[in-house]
Amino acid sequence: MEDVCEGKDFSFPKQEEQILLFWDTIQAFKTQLERTEHFPEYVFYDGPPFATGLPHYGHILAGTIKDVVTRYQSMNGHHVTRRFGWDCHGLPVEYEIDKKLGIKSRDDVLSMGIDRYNEECRSIVTTYVKEWEDIVTRTGRWIDFKNDYKTMNPQFMEVIWWVFSQLCDKGLVYRGFKVMPYSTGCKTPLSNFETGLNYKDVVDPALYVSFSILGDPDNSALVAWTTTPWTLPSNLALCVNANFVYVKVKDKMTGAIFIVAESRLSEFLQKLSAANPKSNSNKIDKVHSTKDNGSYELLEKFSGSSLVGIKYKPLFDYFPEFSEVAYRVLADNYVTDDSGTGIVHCAPAFGEDDYRVCIIAGIIQKDEGLIVAVDSDGCFTEKICDFKGRYVKDVDKDIINLLKTKGRLVHIGNTKHSYPFCWRSDTPLIYRAVPSWFVAVEKIKDQLLKCNKQTYWVPGHVKDKRFHNWLENARDWAISRSRFWGTPLPIWISDDGVEKVVIDSIAKLETLSGIKVTDLHRHHIDHITIPSGRGPEFGVLRRVDDVFDCWFESGCMPYAYIHYPFENVELFENNFPGHFVAEGIDQTRGWFYTLMVISTALFGKPAFRNLICSGLVLAKDGKKMSKSLRNYPSPMEVINDYGADALRLYLMNSPVVRAESLSFKKEGVYAVVKDVFLPWYNAYRFLVQNAKRLEVEGFTPFTPMDRAVLQNSSNVLDQWINSATESLAHFVRREMDAYRLDTVVPYLLKFIDNLTNIYVRFNRKRLKGRTGEEDCRISLSTLYHVLLTTCMAMSPFTPFFTETLFQNLRKASSGLEDSIHYCGFPSASGERDERIEQSVTRMMIIIDLARNIRERNNKPLKTPLREMVVVHPDDGFLEDITVRLREYVLEELNVKTIRPCNDPLKYTSLRAEPDYSVLGVKLGKAMGAVAKEVKALKQADILAFESSGEATFSGHSLKFNEIKVLREFQRPHNISKTDMDAAGDGDVLVILDLRPDESLFEAGIAREVINRIQKLRKKAGLEPTDLVEVFYESLDNDKLALDRIVKSQEKSIRESLGSPLLKHSMISRDAVIVCREEIKGVSGFSFAVSIARPSLVFVYEAIDKLFSGNNKFTEALCTYLSSRDHSNLRTEFQAGKGTIKIGCFENQPAVEVDLGTHLFLCTGDYFLSRCRD
């Protein structure tokens, strides 16, 4: 393995760019596909975005989820074709062209020519394809852009024709009217999904309008309320709720008599009083209890059903042809009493419910006879002669004035409400009946619900509630648009409407028309006619003008992108439904819905088996991300600062993968780098450094030991991390198979945290070789295999960083793949030791509890404590803590001894309390008596209850989870709080003896000295593999005091530093001092520390003997050895097993120099040798 830089010098974004070049060089994605070609197919459907704008965080989120799952499936033995798709047709494209060319109306398009208009649309479809490819690739997503699919390709469009013809054959297509949200800015209806994209709070006029009842002796008038005055000229009916009570009330001042719902009367009269200050408004609230109320008189009450059929005088005379069947009262439950008067005015051309109830009542006929008095630009037609050619919203004031003139305006006010605007043109939508071709979704509603049950969603509640409810209330789907740039409807109809042909393929159109077809867009086929099958005298069939809604096109994607059924029949039929889709929660009413409807209608199956539904990515303040507000950083800015892996992991470890919203914070991405990647990188760097150290120190280069051998390690932390790694592989595989990304990422992150903060931290001495070469190699090999497994498990989530680590790790081991993304996913094949995993988890809890005690009592970790007691009833756990894990706990907490205790009552008192939040509802009035008995329980009773899990109080049986057992620390007699303290988590209790102990004083000083030396090493920029020696010099008057401490703590100091702490007087005159620092006031001691490069120590008497006392030869040999590179010299001695032969001097005899006899490689070795002697 090659050396690696410090974490602070490692640039994640730059390294990712290097990995992109590496993948490009080895054609990694293409190679992976080729290597898995013979594996079972895993079919993934990628929903097509528009390329008329740049990708945002929503796209990156969905793309990352798709990439994670498909990478995992590739590693898990599947061939996963991943083709990018483009939504090319529809309103988003047309809107851009309308802006570019200044097109204001449909006539403008016809004037310039559909051919020119459509080619303009085609020209911008791929505007940002290059940017999309760059950004998507930079995020680490592997997907095929070269073999992409486009909804404007003839092969894709041909399949849409086939799908439509199949629906026609099944009797699921009809032509009719549908009242739809309509954009006058874009001159097209919008889907319900699009309607929900841009709601705004607006102020509209709120009118109370009277409709005079024909033939009524009292001249009564029905009062309706509306916020859309422009719809009143098209009024054909009034609607009440048959179940409501209605009242007839008389205004004494004017004599006017009005009918409204009783539940709305009070507010209605308040409106009238506000408009007429002379009325007696003080008594309005008593109108329900008296017939005579000052200004208003209650004349009569009656049911809504009694009003049905009453005829009234039309407000306007624009629709005389409807006078026989219209202008009467209807009833329907859609009328509510939460606003208005309980009477709704119905204009069937401009309200979905209005249209429905008028058809039921026979006022209009379904699919025919409906007059829509507003054109595609939102202007009144000649039918409304008084306002012909004027935009409807601009006419509101004139209509109100006309109503005043006619004496029909009862009251006018304003109302603020949420209203939909066009998401493209930002103009207010109107509801308008448009002629359309429909898929009869209501016919297959039961099948849809059945197919939905066959799918698996994450999270499941979106399927069971949101999507289920949407399907349950599904209406027939208007799939046509009176537009230009889209897949034309393949319907040819004769001029007399008798003959209709639905085309299902290009070949059929060519056969019937005799014309070669190469493009299916309108300007290429609108001119094509089909001869009548009844004979030449009946003329020809011409295509209808409409094109498909682009949602219908994307819903056909599972078939169209592989040109089924014209090609790939076996591929499709063997793998349908597809295995996986993923998009945002907004697609429950969009793509997920259209996929389900079309597949159910065609095959009686869902289109997909598994689905991950993500939430919405919002700006930092919780608002919608907005380019105009600039309330979010661009994705590339974040990637360039912190890397794509950090962004991916930030998104995957957020509520957004649970279909909840995420308020995006750039600081959150940085936190992933700081808290996840840097500790992970440092663990990897620590491995590389210490593997290289073996070579530096002259040992055999590091090669990882076989995993099977490592499973038998006697080290408890090796056993733990090996078991934890097996658990990791088992858990991740199980959760990934269940598509639960929201559980996988937190588990992976916790594992990395444990690896760095438990295994590496607690094993530093072993990894640095302080416990012997063999133990060092075992721990390094264990760390190597754990890092390798972690990289493989994390590679779907963080493809760049894991590849970086893998490329270096693979150099230490033969037989590994060229890329981590060619590897199989780790299998849980080894043994797991759940007991040791739980014990280590508890150990960390114990350490945290003990630290809390220290902090609470102002006892810093550098202060040694004499004893810690661990209280727990599990003897096996206590054995693990006090025997197998003992050394780690002692060192981490700076405690001299650990004492186990399996008797909870020795240090605690138990008391019981009822869980009021659980029992309150269950027990009701009996709660007081039960609570009294529970609180009176003695300790023995509580223990018995814990053992049995159930007990009876005042005749009520309570379970274990309904009573809280509280353990309170009980100090031994005559010991104060300052001498002993405890902390627990409900499972384990930790007790620390805080009394001072002089015997521990020296250990505390030694620990502080070591800490200062380590800081100085870091300050000097020394690497852990740098060989140095450390010298100290007391600056105190009593210089022997520090010497005594260093001598008594010599072993612990040497183990911590990796070399002995030497007196300053032992520094060689040839030593190279790296750094020196004076340190004062450490527990009353002051001293200087010098760090020096190792220098040779010669035993001159022994060397003199080699040359029979020839001092000149001795001096020459010493000078020569001092000039040699220290590490090379060390290597030579190790190769010669402690002896080297030197014969390079002319006229000087060759001699064999023995290490430890004639010289020492450093002062520390000399010092230790003399200590042993």
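**Salt bridges, rings and cores in a predicted model**

Biologist: Which residue does glutamate 1050 meet in a salt bridge?

Modeller: The side chains of glutamate 1050 and arginine 1054 meet in a salt bridge, at 2.7 Å from N to O. The term covers a side-chain nitrogen of Lys or Arg within 4 Å of a carboxyl oxygen of Asp or Glu. This is a predicted model, in which local features need pLDDT of at least 70 and side-chain atom pairs count only at pLDDT 80 or more, while totals for chains, interfaces and linings use all residues. Residues are numbered from 1 along each chain as its sequence is written, and side-chain values use heavy atoms, with hydrogens and water left out.

Biologist: Where do glutamate 1050 and arginine 1054 sit?

Modeller: Both belong to helix 39 (residues 1050-1057), and because they are four residues apart there, about one helical turn separates them. Helices (H or I, at least four residues) and strands (E, at least two) are DSSP runs, numbered from the N terminus.

Biologist: Is arginine 1054 buried or exposed?

Modeller: Arginine 1054 is partly exposed, with a relative accessible area of 28%, and glutamate 1050 is partly exposed at 21%. Buried means under 20% relative accessible area, exposed over 50%, and partly exposed in between (1.4 Å probe, protein chains only).

Biologist: How many salt bridges are there by this rule?

Modeller: The count comes to 75. One of them joins arginine 264 to glutamate 267 at 2.7 Å, N to O; arginine 264 is buried at 8%, whereas glutamate 267 is partly exposed at 34%. In addition, Asp46, Lys66, Arg141 and Glu583 are linked in a network of salt bridges.

Biologist: Turning to rings, how many aromatic pairs does the structure hold?

Modeller: It holds 64. Rings of Phe, Tyr and Trp (its six-membered ring) pair if their centres lie within 6.5 Å; planes under 30 degrees apart count as stacked, over 60 as edge-to-face and the rest as tilted. Among the pairs is that of tyrosine 559 and phenylalanine 603, which is tilted, with 5.7 Å between centres and 50 degrees between the planes.

Biologist: Which parts does that pair tie together?

Modeller: Tyrosine 559 lies in helix 18 (residues 557-560) and phenylalanine 603 in helix 20 (residues 591-603), so the pair ties together parts that are 44 residues apart in sequence. Tyrosine 559 is buried at 0% relative accessibility, while phenylalanine 603 is partly exposed at 29%.

Biologist: Which charged residue lies over the face of phenylalanine 421?

Modeller: Lysine 200 does, at 4.8 Å from the ring centre. The criterion is NZ of Lys or CZ of Arg within 6 Å of the ring centre and within 35 degrees of the ring normal.

Biologist: What about the nonpolar interior; how many residues has the largest core?

Modeller: The largest nonpolar core has 128 residues, and those with the most contacts inside it are Met652, Leu717, Phe797, Met843 and Met868. Its largest share, 14 residues, comes from helix 23 (residues 666-696). Such a core is a set of buried Ala, Val, Leu, Ile, Met, Phe, Trp, Tyr and Cys residues joined through side-chain atoms within 4.5 Å.

Biologist: Which residues does methionine 843 touch?

Modeller: Not counting residues up to four places away in sequence, methionine 843 touches Ile758, Phe762, Ile881, Leu885, Tyr888 and Val889; contact means heavy atoms within 4.5 Å. Apart from the largest core lies another of 72 residues, among them Val441, Tyr593, Leu611 and Ala659.
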